[in-house]
Amino acid sequence: MKIAVVGGTFWDIFIFGENPHSSIIKESPGGSGLNVAYGLFLLGHTVDFYSNIGDDWRGKQTTEILKKASFDTSHMFTIQGGKTGIFIAHNGKPLAVDPGVNRKEMKLPSLSEYDLVFATGEISEKTIRKICENTKNVILDVGPGARFATTDLNALVIGNECECSFRRCDVVKMGSKGARWGEVYVPGNGISYPHSIGLGDLFDIVFVHHLLLGKSKKEILEEAVKCSQILGQKENVTPFERISFLESFSAKDDTLECPDESKDASHHGG
């Protein structure tokens with residue numbers, strides 16, 4: 001199946017540690033749109049990623065990293081004189097966000113050729129509504145930056161509990177408590193991870209992967225919750241780095257084999 005992902009591209013700067021003299025600083029490509037597109041690519045899907053990116057050094061570094069991984073960057077629109085979005089976090093807490101060229105409208109072609117279109121709330125409401133009106137099989141993760149209603153959108157809407165508290169959502173991500181899809185609820189393991197940024201993107205990747213495999217709602221949620229929790233145990237990594245671990249999971253036989261959760265329990269003394 002052919003997938004289009006429409007969303008944001010950011011340059012992530014993550015600071016780990018309380019002591020300025022011993023803190024770890026990691027930088028990598030990021031943004032929910034890019035993370036989801038890259039994760040689906042690692043799981044063997046054909047993905048076209050539509051996003052704005054600046055022609056600054058962060059944009060050039062991002063495309064260079066992606067090209068080295070054989071990820072198709074041909075649908076990423078370089079904005080001349082534009083600034084690539086920046087996201088800064090300290091120990092899992094956001095400090096600052098500059099959307100950069102993600103604010104600008106994207107000149108999207110017809111997306112009707114795709115079997116599935118995944119969009120994020122990082123792009124404008126106008127673009128999202130155009131996608132929903134002209135494309136079938138749309139999944140929208142509203143994300144923290146979206147401020148629009150979803151009641152009339154022709155899309156499967158995903159969000160966390162806060163984002164879904166004031167708008168229609170079909171799938172609700174509930175962190176350590178699990179996830180819900182309509183009447184179907186899958187509990188989590190109750191462990192709260194200190195560096196949880198990006199786990200929602202990971203959930204989306206595994207969700208879409210198993211949806212395309214034709215799994216049931218319960219099976220899809222179970223796999224998405226399980227993989228999010230297992231990879232959530234990896235500390236001091238950026239969301240892009242965390243998602244890169246998917247490459248080591250087996251997806252060759254239409255399955256996604258996450259490692260046994262019990263093997264990693266030592267990370268939290270469990």
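These legends accompany close-up views of a predicted model.

**View A. His-45 and its partner His-209.** Let us start in the loop that runs between helix 1 (32–42) and strand 4 (46–54), where His-45 is found. Is His-45 buried or exposed? His-45 counts as buried, because its relative accessibility is 15%, and buried means under 20%. Its side chain makes a polar contact of 2.8 Å with the side chain of His-209. If you leave out residues up to four places away in sequence, His-45 touches Ile-3, Leu-40, His-209 and Leu-212. His-209 thus appears both as a polar partner and in the list of touching residues.

**View B. The disulfide of Cys-164 and Cys-169.** How many disulfides does a search of the whole structure find? The search finds one, and it joins Cys-164 to Cys-169 with an S to S distance of 2.2 Å. For those who like dihedrals, the angle about the S-S bond is -85°, making the link left-handed. Both ends are tucked away from the probe: Cys-164 is buried at a relative accessible area of 14%, and Cys-169 is buried at 16%.

**View C. Cys-132 and Cys-162, outside the disulfide.** Why does Cys-132 have no bond to the closest cysteine sulfur? That sulfur belongs to Cys-169 and lies 13 Å from the sulfur of Cys-132, so it is too far for a bond. Cys-132 counts as buried, with 5% relative accessibility. Cys-162 is likewise in no disulfide, and its nearest cysteine sulfur, that of Cys-164, is 9.1 Å away. Cys-162 is exposed, because its relative accessible area is 56% and exposed means over 50%.

**View D. Thr-84 and its surroundings.** Our last stop is another loop, the one between strand 5 (76–79) and strand 6 (85–90), which holds Thr-84. Thr-84 counts as buried, at 0% relative accessibility. Which residue shares a side-chain to side-chain polar contact of 2.7 Å with Thr-84? The partner is Asp-56. The side chain of Thr-84 also reaches a backbone atom, the nitrogen of Gly-59, at 3.2 Å. Beyond its neighbours within four places in sequence, Thr-84 is in contact with Thr-9, Phe-10, Trp-11, Ile-53, Gly-54, Asp-56, Arg-58, Gly-59 and Val-101. Asp-56 and Gly-59 are therefore worth finding in this view, since both are in that contact list.

Notes. Residues are numbered from 1 along each chain as its sequence is written. This is a predicted model: local features need pLDDT of at least 70, side-chain atom pairs count only at pLDDT 80 or more; totals for chains, interfaces and linings use all residues. Side-chain values use heavy atoms; hydrogens and water are left out. Helices (H or I, at least four residues) and strands (E, at least two) are DSSP runs, numbered from the N terminus. Buried means under 20% relative accessible area, exposed over 50%, partly exposed in between (1.4 Å probe, protein chains only). A polar contact is a pair of N or O atoms within 3.5 Å; within protein, one must be able to donate a hydrogen and the other to accept it, and residues adjacent in sequence count only if both atoms are side-chain atoms. Contact means heavy atoms within 4.5 Å. A disulfide is a pair of cysteine sulfur atoms within 2.5 Å.
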